[in-house]
Amino acid sequence: MDTNAKQGLDALPDTVAAAAFRRLVIHLQHRHDAQNIDLMGLAGFCRNCLADWLVDAGFEGDKAAARAVIHGMPQDEWKASRQTPATDEQLARMKASVAKNQDPQTISAIADK
């Protein structure tokens with residue numbers, strides 16, 4: 001079974017996908033205890049990635065404006081008030097996880113199909 005098949009996503013109405021995206025962003029804004037470094041280590045993406053994907057999708061603002069949308073405040077403010085220093089273990093998990101994103105079988109490779 002191909003778990004990376006897009007047909008299910010392509011069948012979603014844009015309004016449904018947008019509502020789910022907004023709920024994800026609101027959830028991440030509420031759960032600031034879920035650090036970006038941990039998200040990267042577990043899933044290979046974080047709040048900053050979501051902001052970058054907004055820009056890639058045509059968001060008219062720059063990267064800083066997109067990150068403010070996702071964080072619910074300017075990124076510098078979010079980092080100062082919510083981000084904790086990364087440990088060596090977190091950095092190692094992130095590095096291993098991000099390496100999986102480079103595999104041609106991952107979501108990033110099929111996203112443009």
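Here is a short selection-by-selection tour of this predicted model.

**Whole chain.** Start with everything shown as cartoon: the protein chain has eight helices and zero strands, so to speak an α-α-α-α-α-α-α-α pattern when read along the sequence. Switch on a surface and you're looking at about 8000 Å² of accessible area, with 58% of it belonging to carbon and sulfur atoms. Of the 113 residues, 24% count as buried. If you like contact maps, take the contacts between residues at least 6 apart in sequence: 49% of them join residues at least 24 apart.

**Helix α4.** Now select residues 47–56, which make up α4. Color Arg47, Asn48, Cys49, Leu50, Ala51 and Leu54, the buried residues here. What do they pack against? Show α2, α3 (36–43), α5 (63–71) and α6 (75–82), and you have the partners. Then step on to Gly58, which follows α4 and has a positive phi, near 115 degrees.

**The α2/α5 crossing.** Keep α2 (14–30) and α5 (63–71) and hide the rest. Their axes are 8 Å apart and the packing angle is about 75 degrees; that falls within 65 to 115 degrees, so the two helices count as roughly perpendicular. For the side chains that meet, pick Phe21, Val25 and Gln29 from α2, then Val69, Ile70 and His71 from α5.

**A nonpolar patch.** Last stop: select Leu9, Leu12 and Val16, which form a nonpolar surface patch of about 260 Å². Leu12 sits in the loop between α1 (7–11) and α2. With a relative accessible area of 37%, Leu12 is partly exposed.

Notes: Residues are numbered from 1 along each chain as its sequence is written. This is a predicted model: local features need pLDDT of at least 70, side-chain atom pairs count only at pLDDT 80 or more; totals for chains, interfaces and linings use all residues. Side-chain values use heavy atoms; hydrogens and water are left out. Patches are made of residues with over 30% relative accessible area and no salt bridge: like charges are joined within 9 Å, nonpolar side chains (Val, Leu, Ile, Met, Phe, Trp, Tyr) within 5 Å. Accessible areas come from the Shrake-Rupley method with a 1.4 Å probe; for residues, only the protein chains shown count as cover. A salt bridge is a side-chain nitrogen of Lys or Arg within 4 Å of a carboxyl oxygen of Asp or Glu. Helices (H or I, at least four residues) and strands (E, at least two) are DSSP runs, numbered from the N terminus. Buried means under 20% relative accessible area, exposed over 50%, partly exposed in between (1.4 Å probe, protein chains only). Contact means heavy atoms within 4.5 Å. Axes are lines fitted to C-alpha atoms, for helices over the stretch in contact, and angles run from 0 to 180 degrees between N-to-C directions. Angles under 35 degrees count as roughly parallel, over 145 as roughly antiparallel, 65 to 115 as roughly perpendicular and the rest as oblique.
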